[in-house]
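Student: Can we go through this protein together? I'd like to start with the cysteines.

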Amino acid sequence: MGISSLVEEGRTALGIEFGSTRIKAVLVGDDGQVIAQGNSDWENQYENGVWTYSLDMIWSGLQEAYAELKKSVKAEYGVTLKKIGAIGFSAMMHGYMAFDKNGELLVPFRTWRNTITEEAAGKLTELFGFNIPQRWSIAHLYQAILNGEDHVKDIAFFTTLAGYIHWKLTGEKVLGVGDASGMFPIDSTTRKYNTEYMKKFDDVLGSAGVAWKLEDIIPGVLVAGEEAGRLTEEGAALLDVDKELEAGIPLCPPEGDAGTGMVATNSVAVRTGNVSAGTSIFAMVVMEKALEKVHEEIDVVTTPSGDDVAMVHCNNCTSDINAWAKIFREYSEAFGIEVDTNKLYTTLFKAALDGAPDCGGLAGFNYFSGEPVTGFAEGRPVFARKVNADFSFANFMRFNLYSAVSTLKVGLDILIKEEKVKVDKLFGHGGFFKTPEVGQKIMSAATGGPVTVMETAGEGGAWGIAVLALFLKNGEGKSLSDYLNDVIFKGAEGVSITASQEEIDGFDRFMETFKATLPIEQAAVETL
């Protein structure tokens, strides 16, 4: 009855996140506890050389996820969802959505997964003296200019996926500072775009004959706790096709999946970090001071409050594990054995713990798409082994888990060993950590320190953006870090696991082979 009253009175917050394979909606109460969830599965499409999602997929997926959540609320608590205290939207960061003055999409949505902006990213990194990765929105924009694409002259607004959804539901062209930091560099002292870099880019625009300036087309920037607009009548109808949701609900700034991952793992404070491991994998550490050098393997973004974060982002993580799981499922079914999906993954992951610390001579790459960290514009999944390798089931699964995080380790070694960035706590979240102990131990072997998983980490980014919506509603002047510690995570401990020195040394030996065999991956890209 208590939860029914919460829902009826609107003492709730809704978070919806667009992940790479799932759109997830989470409704929480004032304490952050989950009341109901809804999901919609989707997959990106590779069309005309571009990874994309159509606008129809975006809206049908959003409506399906919300409808499922609403149905769950009705079934569980006997009330119809009409009032919500606050709403937040989050999505995969970066990418490119460009619109004309009539709000029409000029070219298909170019997602973060595309590695088609190498020239632009390189020139901007040199221009700014600040690393601009290929997936960043500004790299996509500049590449379109370099390509002489006809649509550039008609751009009136460009944004991220989260920014697009927020705009259509509120009319506000804004972003949370964390998501904005994946479009264009942020000055952490002002929590706004870096004006020095903007001027340099405008000079480039002028020499290219472009009439508009960057500030004319880029979203405004807001920090966590600021109101980012209210749900319009049109927006409410877009979200709830039954037209029962009331308009006027306040929205928090739309954020990227990196920022919501930080919130979901309580890692927004200085010297904390988190690793998000699913289809892609990235590690983020909130820094005490700026990096000494520009590293193409490391990009600097921000927390939802605007503090500098060092980020190592890799495009590939669990996709190859999923592909091998499919093979093992088909093998079982060939023997007439039906295998439960959870049991299948748990069995595969647990087998890895029995493998040799260095995988016994197995090697390869999990690259479905390009990996800028190691210099690949395209990827090909590759498995190889030495003639005298110990080719066992346990070693094969350990190899697959090592492969999922090995490219990340390349960047983390630069961050921790070269730049001496301090990390007091490292939190893990995402599907890679779902099986108890296994993912943590593998990640600990890669990083050389303890890895902690909180109970809430399983809720993921949708829960994280719901918490940011709660912070807008109930923050009461607290900093985001204090609000998380004092309210959301009060009394939460989490489980920490540290790999043995033998496992850490074994991973280092595996990495020696990984780096030495990069030419194999190059040959695969060129010949397959």
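**Cysteines, a patch and a pocket**

Tutor: Cys359 counts as buried, at 0% relative accessibility. Buried means under 20% relative accessible area, exposed over 50%, and partly exposed in between (1.4 Å probe, protein chains only). This is a predicted model: local features need pLDDT of at least 70, side-chain atom pairs count only at pLDDT 80 or more, and totals for chains, interfaces and linings use all residues. Residues are numbered from 1 along each chain as its sequence is written, and side-chain values use heavy atoms, with hydrogens and water left out.

Student: Is Cys252 buried or exposed?

Tutor: Cys252 counts as buried, at 1% relative accessibility.

Student: How many disulfides are there in the whole structure?

Tutor: A search finds 0 disulfides (pairs of cysteine sulfur atoms within 2.5 Å).

Student: And which cysteine sulfur is nearest to that of Cys359?

Tutor: That of Cys317, 15 Å away, and Cys359 is in no disulfide.

Student: New topic. Where is Ile337?

Tutor: Ile337 is in the loop between α11 (319-334) and α12 (341-352). Helices (H or I, at least four residues) are DSSP runs, numbered from the N terminus.

Student: Buried, exposed or partly exposed, that Ile337?

Tutor: Ile337 is partly exposed, because its relative accessible area is 46%.

Student: What about pockets: which helix gives the most to the lining of the second largest pocket?

Tutor: Helix α3 (residues 118-128), with 4 residues. A pocket is an open set of points on a 1 Å grid over the protein atoms alone, where a 1.4 Å probe fits, with protein on both sides within 12 Å along at least five of seven lines; lining residues have an atom within 4 Å of a point.

Conventions:
Helices (H or I, at least four residues) and strands (E, at least two) are DSSP runs, numbered from the N terminus.
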